[in-house]
Amino acid sequence: MTVGFSGDVAEYYAKFRRGYPPQALDALQTAFALTTDDIVLDLGCGTGQLAVPLASRVGSVIGMDPEPDMLRLARDTAARHDVRNATWVLGADSDVPALSELMGQRSLAMAVIGQALHWMDHGELFRALSPLIRPGGGIAVVANGTPLWLQDDEWSRSLRACLEDYFGTKLEASCGTGASDRLRYGQALEAAGFEGVREIVIEYSDELSFDQLIGGVYSAIPADELPEPDARPAFAERIRQSLPPDQYFTEDVAVSVLVGRLR
Ligand SMILES: C[S@@+](CC[C@H](N)C(=O)[O-])C[C@H]1O[C@@H](n2cnc3c(N)ncnc32)[C@H](O)[C@@H]1O
């Protein structure tokens, strides 16, 4: 199964998508008292934005994703960082129940889902994860800011208008990053028996060059809609012309870490 993160999209994702600030990893570690004895699952791990930096904080990380190209790049990144305690598993949310066979007597300390829950059946997933997680452990739903074209800034509004014009469609989906998404996910965590549901938000600002901005856009376009390589210069120029004539674009990033624990 693939949901459009294959080929060049995966490459753009690895190169241009933001990682997470250390405070987000601290929040995960604190919420579930993670130790180097623990096993954690990063579901929808992509190119390893969470799995790779988590590895040094726990005993073992399972990075799971249905897109082989994303997993391959996650594995490459882990190798570059000399991470030796990560296992990369090709699988989707619907494969989570099979993990209990793999885990035997062991439990997960945490299942983290970063920027990926909107692709999954979250209610079903939370129920499937519950028997796999140790007491005091839990689930974390992480959102890494707002899509580049939905931010409250002039450059972002211009980008959105240009993309809507190019693709001939309204771009309204928050990809699981909106306040109403978090409310829904929080309620579903409680319904699945997770307690102490709360959100930790880490905010910071950063500058994006135009190349970073366009790379971020490419990383978010489904693979079958990505302009062909020879059409990308014209696509990029069209976006460049639509944006304010700045060299850098300020992005205000709010990373949301929604956690729920098992007693
Ligand atoms: C936007 S990326 C997020 C990558 C990374 N977790 C992050 O925080 O940046 C979404 C990932 O979810 C994966 N994905 C899509 N559908 C999925 C599913 N049903 N189960 C698990 N992962 C899925 C995609 O292949 C992709 O790698």
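In this predicted model, the loop between α2 (22-31) and β1 contains A33. Although A33 is not a glycine, its phi is positive, at about 45°. Most residues other than glycine have a negative phi. With a relative accessibility of 51%, A33 counts as exposed, since the exposed class begins over 50%. A positive phi, near 55°, also occurs at Q115, again a residue other than glycine. Q115 belongs to the loop between β4 and α6. Its relative accessibility is 18%, so Q115 counts as buried.

The loop that holds Q115 leads to α6. In this helix, which spans residues 122-129, the buried residues are H122, G123, L125, F126 and L129. Viewed down the axis of α6, these residues fall within an arc of 165° and therefore line one face of the helix. An α-helix has 3.6 residues a turn, so residues three or four places apart point the same way. The partners against which the buried residues of α6 pack are β1 (39-43), β4 (108-114), β5 (133-144) and α8 (179-191).

Helices α9 (residues 210-218) and α10 (residues 232-242) form another packing arrangement, with an angle of about 115° and axes 11 Å apart. Their crossing is right-handed. On the α9 side, F210, I214, V217 and Y218 make the contact, and on the α10 side R232, F235, A236, I239 and R240 do so. Within this contact, R232 lies over the face of Y218, 5.9 Å from the ring centre.

Y218 and F235 also belong to an aromatic cluster, together with Y12, F16, Y166 and F167. In the structure there are nine aromatic pairs.

Conventions. Residues numbered from 1 in each chain as written. Predicted model: local features only at pLDDT ≥ 70, side-chain atom pairs only at ≥ 80, totals over all residues. Heavy atoms only, no water. Phe/Tyr/Trp six-rings, centres within 6.5 Å; stacked < 30°, edge-to-face > 60°. Lys NZ or Arg CZ within 6 Å of the ring centre and 35° of its normal. Buried < 20%, exposed > 50% of the residue type's maximum accessible area, 1.4 Å probe, protein only. Helix = DSSP H or I, 4+ residues; strand = E, 2+ residues; numbered from the N terminus. Arc of directions from axis to C-beta. Contact = heavy atoms within 4.5 Å. Axes fitted to C-alpha atoms, helices over the stretch in contact; angles between N-to-C directions. Left-handed = near helix turned anticlockwise from the far one by under 90°.
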